[in-house]
Structure formats: structure tokens, C-alpha cells
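Trainee: Could you take me slowly through one part of this protein, the sheet, and show me how its strands are arranged and what surrounds them?

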Amino acid sequence: MISIYETMAEGYGLVKKIAPKNTSIKILLRHSLRDNYENVKFDEPLTREGKVMAESFGRGLINDNIEKIVTSHSPRCIDTGKYIIKGYGKDINCIQNNELTYLWIKERTIWSNTYDNIYNHKIKDIMQDMLDKKEVLGAFTIEECVDKMLNLMFLNDKEKTALNNSTFDIFISHDSFIMLLLCYLLKCNVSDIKWIYMLEGVFLWKENNNLNMVWRGVHYKI
């Protein structure tokens, strides 16, 4: 795997070593590099460097079997998927999905009226409230969010494992959603984990009804 992050390369090597050979492995990935760190908008595009990084990431997986790529509706997530495919050099599916765009929004109007003006500055507080099972107006519960994310990734796995052939599915989303899932699975607070970088991700697979996760070069059984 080609990645600017040593722990991603380590994690990939660990997954290839310990995951069963007939496993559908998921890479839950943050989109590639973008500008405008202070006031991020939904349609914020990738930078030139971000496109190069995504293409290199795909090129690093050319010896693997990528089954599909699923992305948020955000342009930077879609373009991350497109450039990964360009680097991979093969024609594979790239699908947009609402869960990767609006994972925790249950009531759009209530959410927007409450959080749109403060989201960028209060996101960690909102996430911690969800982890602490406090009410977050217009949002699903933390358990509902995690269930939705895991169901999206693992819904059709029985068909794949019967093929006796390992595959990679790549899901490209946003930092806050991935961090929320990580904190929940690792049973920790938002402040306990160093924030996920752009084009960094987590590897997940199921084995004997257990969820396995590799995050920053460490294997966890959930």
C-alpha cells in the first residue's frame, strides 16, 4: 500500500497477515487533502495534492481485489474515490450513499436550525454528547449511528465469503463520522484519540461473528 502514513502501511501489512483469505475487508477512509481548515463547506474540493495522494493510494492496491467504492455525496469524497480508481487502473463500481453523508442526522430541519452555525467549532462537543448518550437535537442515538455504519459495510458479506476470495471494499466519508465510530468501538472519549488525518482510515472485517479492526497499526477484537 502506498500511503504517506506509516501506520496505514503497517495496518495494511497486518491485515494481509492475520485476516482469513476469504474475507471481505473494509477500509473506512477519510477523504483526501482539502484546503480551508477553519470554515469547511460541504462542497469544499480536493487540492491538487489531494488528488495525487488519492491516485497514489489506489496505485498501492493494484495487486488487491477492490470490489467497490462507496462515498459520501460530498464532492471531495466522490473525487477521492475517482482518483483512487484512476490509480488502481481498473473499472470498479463507485457508489454514493446517504449514510456516509448524513450519518447521524435524523431530523434535517431540527439539526440544521440547532447546529449549522456552530458545527465546525462544536463538533467535538456534539460527538462527546452522543458518546455520553445525551440528547443531541435532530440526531440518531450513538447506537443507531454505529448500527447504520456497520450494516452499510457488512450487509452483503455472506455472498462474498462463499467465493473463497478476499476483497477490499472502500468507504469514503468524513472525519467526524469515522472518529465517532472509533471512539464507540474503543470505548473512549473524543479527546483520547488523535484526530484522523485526511486519506487515513481504519480496516475492519468479521471473523467468527466477531468484529476485527486495525487502527494505526494495532489489531483490536471488538
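Mentor: What follows is a walk through the sheet, strand by strand, and then through the cores.

Please keep in mind throughout that this is a predicted model. Seven strands make up an open sheet, and their order across it is 3-2-4-1-5-6-7, with mixed pairing. At the two edges lie strand 3 (93-96) and strand 7 (218-221), each of which pairs on one side only. From one strand to the next, the twist averages 20 degrees.

Let us begin with strand 2 (residues 66-71), which is joined to strand 4 (residues 167-173) by five bridges, the two strands running parallel. If you look for threonine 71, you will find that its bridge partner in strand 4 is isoleucine 172. Packed on the sheet is helix 8, which touches strand 1 (24-30), strand 4, strand 5, strand 6 and strand 7, and whose direction makes about 120 degrees with that of strand 6.

Strand 1 deserves a careful look, since it is mostly covered, with seven of its seven residues buried. Ser24, Lys26, Leu28 and Arg30 point one way from strand 1, while Ile25, Ile27 and Leu29 point the other way, and all are buried. Strand 1 and strand 4 run parallel and are joined by seven bridges, and within this pairing lysine 26 has aspartate 169 of strand 4 as its bridge partner. Strand 1 is also joined to strand 5, here by four bridges and in an antiparallel manner, and the bridge partner of leucine 29 in strand 5 is glycine 201.

Moving on to strand 5, we find that it is mostly covered, five of its seven residues being buried. Five bridges connect strand 5 with strand 6, and these two strands run antiparallel; in this pairing leucine 204 stands opposite methionine 213 of strand 6. The hairpin of strand 5 and strand 6 has two residues between the strands, and in this hairpin asparagine 208 takes a positive phi near 55 degrees.

Within strand 6 you can then pick out asparagine 212, which counts as buried because its relative accessibility is 2%, and the cut-off for buried is under 20%. A polar atom of the side chain of asparagine 212 lies 3.5 Å from the backbone oxygen of asparagine 210. Leaving aside neighbours within four places in sequence, asparagine 212 is in contact with Phe203, Leu204, Trp205, Glu207, His219, Tyr220 and Lys221.

Finally, the sheet can be related to the nonpolar cores. The largest nonpolar core has 42 residues, and those with the most contacts inside it are Leu28, Trp104, Met153 and Leu204. At least two residues of this core come from each of helix 4 (108-115), helix 5 (119-131), helix 6 (142-154), helix 8 (175-186), strand 5 (201-207) and strand 6 (210-215). A second, separate core has 27 residues, including Met1, Ile27, Ile85 and Val214. You have already met Leu28 and Ile27 as residues that point opposite ways from strand 1; Leu28 belongs to the largest core, whereas Ile27 belongs to the second one. As for tryptophan 104, its contacts beyond its neighbours within four places in sequence include Trp111, Tyr119, Ile123, Phe140 and Cys145, together with Ser176, Phe177 and Leu180.

Key. Residues are numbered from 1 along each chain as its sequence is written. This is a predicted model: local features need pLDDT of at least 70, side-chain atom pairs count only at pLDDT 80 or more; totals for chains, interfaces and linings use all residues. Side-chain values use heavy atoms; hydrogens and water are left out. A nonpolar core is a set of buried Ala, Val, Leu, Ile, Met, Phe, Trp, Tyr and Cys residues joined through side-chain atoms within 4.5 Å. Buried means under 20% relative accessible area, exposed over 50%, partly exposed in between (1.4 Å probe, protein chains only). Contact means heavy atoms within 4.5 Å. Two strands pair if DSSP finds at least two bridges between them. Axes are lines fitted to C-alpha atoms, for helices over the stretch in contact, and angles run from 0 to 180 degrees between N-to-C directions. A polar contact is a pair of N or O atoms within 3.5 Å; within protein, one must be able to donate a hydrogen and the other to accept it, and residues adjacent in sequence count only if both atoms are side-chain atoms.
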